[in-house]
Amino acid sequence: MPKMGESISEGTIIEWHVNEGDTFNEGDILLEVATDKVDNEVPAPSSGKMLQHKYKAQDVVPVGDVIAILELSGEKGISKSPKITTEKTVAKDITSEKPKAQKQASKPASFKVNENVFISPLVDAIARKNHISYEELARISGTGKDGRLRKSDVSEYLELGRPFQFAQAVSEASGFQIPDLKFDKGKGKIVEMDRMRQMIADHMVFSKHTSPHVTAYVEADLTEMVTWRNKNKDAFQKKHSEKLTFTPLFIECVAKAIKDFPMINSTLDGKNIIVKDEINIGMATALPSGNLIVPVVRNADKKDLKELAQATNELVGKSRDNKLKADDTKGSTFTISNVGTFGSLMGTPIINQPEAAILAIGIIKKRAEVMEREDGDSIEIRQMMYLSLSFDHRIVDGYLAGSFLRRIADYMEKFDSKRKI
């Protein structure tokens, strides 16, 4: 069993490609081996004959154990442990054997869904890198055992230009095939998408295909918060040399609510839910180009208002000046999108993968509201705002999402108007 990484101590034999008694040529794939990190195809070191399998498919074998006895050309009865080449080399060898004409094949307009597709860690990593959803992976024909999807299948699919990306499935029940509609896109100025816009587009499509989105809404009365902020913003800037916007106040409320409902601060990993230890709040921010980016306020629950204002002002400034570094946009566990900045009343945001939810904050708008007082109801002018939470219904249910969203609104409404700066 070849060693496939520093931390790998064992591998699982997925499938033998060469049976006992069969001959093979140098470079032929003898078997496939899976680990918790990658899948590997083990090639023959030279031509020869398979004498004996020491293990069968699905067996877990420690690294270094003899898995087969080979008789190589010019040698008889010699035990060989086949050397494994890198994944990159194996993939290159496999694809290079395919005729060029096949790579330039026309893109099919329909496909059959492989409902039992098995996604290995390696295939999953390739899919994430190329923003391929699980739904799209299920459209690719697997050449492995029992239709298993191999790295070479995905590599070939990418070389063909992802022909099934927007294809329609064939309905086997009625035999009816959904037509490949040709829309009239009209004429006009052609604006080529820049690299960042393409990445955003892929990320959004991937998120919508991966997570079943559900959106919940509440409205919050921010009168006390608005009054306090307007009254203290000049003093705050004079004392701390930081501009006081609403963003750090919102982040403060969200961080408190996350501590009350930690499951909202999670990520789905296969069949496991990872509840994050840190509360890192991402802020969807517009760049000068118009593209969006998400800088991150780390450990937001451990920062006071001054530190939150400092962090948000610094990140916003870097965004406007195109000076954000890679570390500034990594590690968010929950994202806020302030659509009110652009005058929107509310929004239905798309989840920032791999997070479980995202909050959209609308514009703060004065409205006449009925206020219930001890001495009777009255109509007053209040500062109102809509909050909307899009959540991944695979791991977040309506009760959790609704309770969390309501708690954010409660923290905003119960803002201490006598708070000292």
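This tour proceeds through a predicted model, one selection at a time.

**The whole chain**

Begin with the entire chain displayed as a cartoon. Its secondary structure comes to ten helices and 19 strands. Of the 421 residues, 41% count as buried. The accessible surface of the chain comes to about 23,800 Å², and carbon and sulfur atoms account for 50% of that area. Consider also the contacts between residues at least 6 apart in sequence: 63% of these join residues at least 24 apart.

**Helix 8 and its aromatic pair**

Next, select helix 8, residues 246-260, and show the side chains of Phe246 and Phe250. These two residues are four apart in the sequence, about one turn of the helix. A search of the whole structure finds three aromatic pairs. Phe246 and Phe250 form one that is stacked, with 5.9 Å from centre to centre and 15° between the planes. A pair of aromatic rings is described by the distance of the centres and the angle of the planes.

Are Phe246 and Phe250 buried or exposed? Phe246 has a relative accessibility of 18% and therefore counts as buried, since the limit for that label is under 20%. Phe250 is buried as well, with a relative accessible area of 3%.

Now add Arg229 to the selection. Arg229 lies over the face of Phe246, at 4.8 Å from the ring centre. For a second arrangement of this kind, select Trp228 and Arg419: the charged end of Arg419 sits over the ring of Trp228, 5.9 Å from its centre.

**Leu308 in helix 9**

Move to helix 9, residues 305-320, and select Leu308 within it. Leu308 counts as buried because its relative accessibility is 0%. Which residues does Leu308 touch, leaving aside those up to four places away in sequence? They are Pro248, Ile251, Glu252, Val297, Ala300 and Lys303. Arg298 is ten residues from Leu308 along the chain, and the C-alpha atoms of the two are separated by 9.5 Å.

**Strand 16 and its partners**

Select strand 16, residues 334-337, with side chains shown. In a regular strand the side chains alternate between the two faces of the sheet. Here Phe334 and Ile336 point one way, whereas Thr335 and Ser337 point the other way; all four are buried.

Then add the strands that pair with strand 16. Strand 13, residues 281-286, pairs with strand 16 in the parallel sense over four bridges. Strand 17, residues 357-361, also pairs with strand 16 in the parallel sense, over three bridges. Ser337 is a useful residue to centre on: Ser337 is the bridge partner of Ala284, and Ala360 in strand 17 is the bridge partner of Ser337.

**The nonpolar cores**

Select Phe334 again, together with Leu359 and Leu387. These residues have the most contacts inside the largest nonpolar core, which has 53 residues. Helix 8 gives the most to this core, with nine residues. Another core, of 16 residues, lies apart from it. To locate this other core, select Ile13, Phe24, Val61 and Leu72, which are among its members.

**A hairpin to finish**

Finally, select strand 18, residues 365-373, and strand 19, residues 376-392. In which sense do these strands pair, parallel or antiparallel? Their pairing is antiparallel, over nine bridges. A hairpin through two residues joins strand 18 to strand 19. Arg373 has Gly376, in strand 19, as its bridge partner.

Terms used
Residues are numbered from 1 along each chain as its sequence is written. This is a predicted model: local features need pLDDT of at least 70, side-chain atom pairs count only at pLDDT 80 or more; totals for chains, interfaces and linings use all residues. Side-chain values use heavy atoms; hydrogens and water are left out. Rings of Phe, Tyr and Trp (its six-membered ring) pair if their centres lie within 6.5 Å; planes under 30 degrees apart count as stacked, over 60 as edge-to-face and the rest as tilted. Buried means under 20% relative accessible area, exposed over 50%, partly exposed in between (1.4 Å probe, protein chains only). A charge sits over a ring if NZ of Lys or CZ of Arg is within 6 Å of the ring centre and within 35 degrees of the ring normal. Two strands pair if DSSP finds at least two bridges between them. A nonpolar core is a set of buried Ala, Val, Leu, Ile, Met, Phe, Trp, Tyr and Cys residues joined through side-chain atoms within 4.5 Å. Contact means heavy atoms within 4.5 Å. Accessible areas come from the Shrake-Rupley method with a 1.4 Å probe; for residues, only the protein chains shown count as cover.
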